[in-house]
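I open this entry to note what I looked up, starting with side-chain burial and then going on to aromatic rings, charges, cysteines and the surface.

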Amino acid sequence: MMKKTSGELHKHSPEHNRSGIRRIFTLNIGTIIFGILLVYLLVLAIAYALTTHIATYQVTAGPLAQNKTYTGLAVYSEKIVTADSSGYISYYAQDGSKIKSGGAVYGISASRQKTGDVSVDDETLSEIGTDVKEFAGSFDPADFRDAYSLKYLIGGEILNAGLSGTDDADAVTVGDETINRAASSGIVRYTLDGYENFDIGSLKESDFDAKSYHLTSLKTNEKLSAGDSVYKLITSEDWSLLIPLSSREAVKLSDTTSIKVKFLKDGNTLNASFSVGKASDGTYYGRLDFSNGLSRYIDSRFVSIELVTNTATGLKVPVTAVTRKTFFTIPDEFAAAGGDTSSIGFLRETTDTSGNVSTAFVQPTIYCHEDGKYYVSSADFSKGDIIIREGSTSDRYIIGDTADLDGVYSVNKGYAVFRRVVILDKNEAYCLVSKGTSYGIAQFDNIALDASKVRESQITAR
């Protein structure tokens, strides 16, 4: 036997195989999984590149447009009361408070009044306690004038309590002070602003300029002269707000006779009679007439309001998202119940190639039911299909009549699905559609922004 040389041993050894032609690819489970994932990612990338990308819109709820806000000029019946004689004044009615006819408003005397001991009954003390609690609960240190209002209120209650139930209840003087009473019931104000008993017939655009508004306080510690203004009395709860209008707004609101008004100060709403007028300078204004609520806003001549004209609410969708689709209509007397369910369907007559006639229950998607008709898609029926009335073999309806429905394309599931909408109102950009429509949309649904670029059942990518 011949022995192999060392060179031959080296040539056929495993080390020689590893250093020669090497395997580039080794098949194992890891390689297989990696390959599958790679192919999957490639398929996804290709599908994404070939898919039409649809711009979407998320459905919101609310009014079609925001209500317009205005700053109105308050006009009411006011009477300025002047002093009958000269002297120093004491105030007994709170600014902005209601007073009855004959109630004490102020007193005037030749010398300054000094505070003395006064006796009041338990009922008056209880009223004063209530006033103090209300004051403490709403007091704002930034507006210290309220403290003086409380002072005048308590002084008036004490004075009226002291006068009532005595022989001097209707007295004109108490000591050396002359008591002045309200000639009629109303609201007491100790300010003047130049708009007292304003003539609406002389209204002009500059009258709405709140920046030039100036308020003068009538309260004083100085000696008054006879004829000086002491207070004004607002004698009626009937009042008006005048608001500036553009010519376009005047035309839009010209047929409006009543309107709801929201006051921005406190969010309260009142109903008002409404009319459009033309000011002395040719501009337009709106007049809002109220029969109550004046005492809530008596502290402001200019009142910020919102006209609640957009009362309809619903789902807001872009005009471009709305499309129209044609449906077959079937009279509802041809509807049938599906076996042991209450689902609506129809009995369709079919004939096989041998001429045998049979019926099959078809349960389509019902897009709408109104005016005695069901609206069904052409995907479920074809023109010429025969529908049999349940329980009859001779009463037939041949499908052919059509009608249109407004709708949008929902893309919640990644493909386009027609959903019906009922339009309540619209403007240039948006439609307001009703909530809860059968086979309709809901808030936060995603719909195609431009319906003209979408077709039914189209796969979409966002």
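Entry 1, burial of two phenylalanines. I looked up phenylalanine 263 and found its relative accessibility to be 0%, so it counts as buried. The model is predicted, and I keep that in mind for every entry. Phenylalanine 290 comes out at 5% relative accessibility; this is under the 20% limit, so I list phenylalanine 290 as buried too.

Entry 2, aromatic pairs. I counted the ring pairs and got 20 aromatic pairs by the rule I use. One of them joins phenylalanine 263 to phenylalanine 290, with 5.8 Å centre to centre and 50° between the planes, and I log it as tilted. The angle lies between the 30 and 60 degree cut-offs, so neither stacked nor edge-to-face applies. I then checked where the two rings sit in the chain. Phenylalanine 263 belongs to strand S13 (residues 258-263) and phenylalanine 290 to strand S15 (residues 284-290); with these positions 27 residues apart, the pair links distant parts of the chain.

Entry 3, a second pair. I looked at phenylalanine 346 and phenylalanine 381, whose ring centres are 6.1 Å apart with the planes at 80°, an edge-to-face pair. This pair also links distant parts of the chain, 35 residues apart. I placed phenylalanine 346 in strand S20 (residues 344-351), while phenylalanine 381 is in the loop between strand S23 (373-376) and strand S24 (386-388). Are these two residues buried or exposed? I find both phenylalanine 346 and phenylalanine 381 buried.

Entry 4, a cluster and charges over rings. I traced one aromatic cluster formed by Phe327, Tyr367, Tyr409, Phe418 and Tyr439. Tyrosine 439 came up again when I searched for charges: the charged end of arginine 419 sits over its ring, 4.3 Å from the centre. I also noted lysine 316 over the face of tyrosine 430, at 4.9 Å from the ring centre.

Entry 5, cysteines. I searched for disulfides and found zero. I looked up the burial of two cysteines as well. Cysteine 368 has a relative accessible area of 2%, so I enter it as buried. Cysteine 431, at 1% relative accessibility, is buried by the same cut-off of 20%.

Entry 6, surface. I turned to the nonpolar surface and recorded a patch of about 500 Å², made by Ile29, Ile32, Ile33, Ile36 and Leu37. I picked isoleucine 32 from this patch and located it in helix H3 (residues 29-50). Its relative accessibility is 41%, so isoleucine 32 counts as partly exposed.

Notes:
Residues are numbered from 1 along each chain as its sequence is written. This is a predicted model: local features need pLDDT of at least 70, side-chain atom pairs count only at pLDDT 80 or more; totals for chains, interfaces and linings use all residues. Side-chain values use heavy atoms; hydrogens and water are left out. Patches are made of residues with over 30% relative accessible area and no salt bridge: like charges are joined within 9 Å, nonpolar side chains (Val, Leu, Ile, Met, Phe, Trp, Tyr) within 5 Å. Accessible areas come from the Shrake-Rupley method with a 1.4 Å probe; for residues, only the protein chains shown count as cover. A salt bridge is a side-chain nitrogen of Lys or Arg within 4 Å of a carboxyl oxygen of Asp or Glu. Helices (H or I, at least four residues) and strands (E, at least two) are DSSP runs, numbered from the N terminus. Buried means under 20% relative accessible area, exposed over 50%, partly exposed in between (1.4 Å probe, protein chains only). Rings of Phe, Tyr and Trp (its six-membered ring) pair if their centres lie within 6.5 Å; planes under 30 degrees apart count as stacked, over 60 as edge-to-face and the rest as tilted. A charge sits over a ring if NZ of Lys or CZ of Arg is within 6 Å of the ring centre and within 35 degrees of the ring normal. A disulfide is a pair of cysteine sulfur atoms within 2.5 Å.
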